[in-house]
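Q: Please take a close look at one part of this structure, its largest pocket. What kinds of residues line the pocket, and which parts of the chain do they come from?

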Amino acid sequence: MTKTNKSTPAAAERILTEEEILKMDDKDYMNPAQMAFFKAKLQALEKELLKNAGETTEHLRETVLVPDPADRATIEEEHALELRTRDRERKLLKKVQQSIAAIDNNDYGWCEETGEPIGIPRLIARPTATLSLEAQQRRELKQKLYGD
């Protein structure tokens, strides 16, 4: 299968559902309708991550002075947990933005290592995937055997 850039006027009109995307034939892989579906999915995820980051900033600005050391420790632990979560989301946000850029460049949905299709089910489950399932498994096995 090779990369194609099919453009149809109907593709931009309506975003398809997951079920419609999954029912499409393999020859339609990464057509404009599928690209629009994944771009909308990624943009929604990006918006949610940015909203969460803003809420965390506001939450951390609300300083509560409590005299009890145990209560203070609990609040600090909650803040630390929230910051770790936001750090993971920040890393995910970077991947989401890279995926949106890949869609704009017509490179989305293709394995970085092999050039093979990543696959619609995998992209629905993990829209930021850059490797096919097989390539990802090989990479994880190599990391397990040889370390990072």
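A: The lining of the largest pocket is made up of 7 charged, 6 polar and 3 nonpolar residues. The model behind this description is a predicted one. The pocket holds about 300 Å³ of space, and 16 residues line it. Those nearest its centre are Lys95, Arg126, Thr128, Ala129 and Thr130.

Two elements, helix H3 (69–104) and H5, give two or more residues each to this lining. H3 gives the most, with 5 residues.

The other helix, H5, runs over residues 133–146. Its 14 residues should span 20 Å at 1.5 Å a residue, and its end C-alpha atoms are 20 Å apart, so the expected and computed spans agree. After H5 comes Gly147, which has a positive phi, near 80°.

Two annotations from the UniProt record, an unreviewed entry, can be set beside this picture. One, "domain: Zinc finger DksA/TraR C4-type", covers residues 107–140. That span is 41% helix and 0% strand, and 23 Å separates its end C-alpha atoms. The other, "zinc finger region: dksA C4-type", covers residues 111–135. Here the chain is 36% helix and 0% strand, with the end C-alpha atoms 8 Å apart.

Key:
Residues numbered from 1 in each chain as written. Predicted model: local features only at pLDDT ≥ 70, side-chain atom pairs only at ≥ 80, totals over all residues. Heavy atoms only, no water. Helix = DSSP H or I, 4+ residues; strand = E, 2+ residues; numbered from the N terminus. Expected span 1.5 Å × (residues − 1). UniProt positions renumbered as here; feature names shortened; annotations may be inferred. 1 Å grid on protein atoms, 1.4 Å probe; cavity = no way out; pocket = protein on both sides within 12 Å on 5 of 7 lines; lining within 4 Å. Points joined across faces, edges and corners; volume = space filled by probe spheres on them. Nonpolar A, V, L, I, M, F, W, Y, C, P; charged D, E, K, R; others polar.
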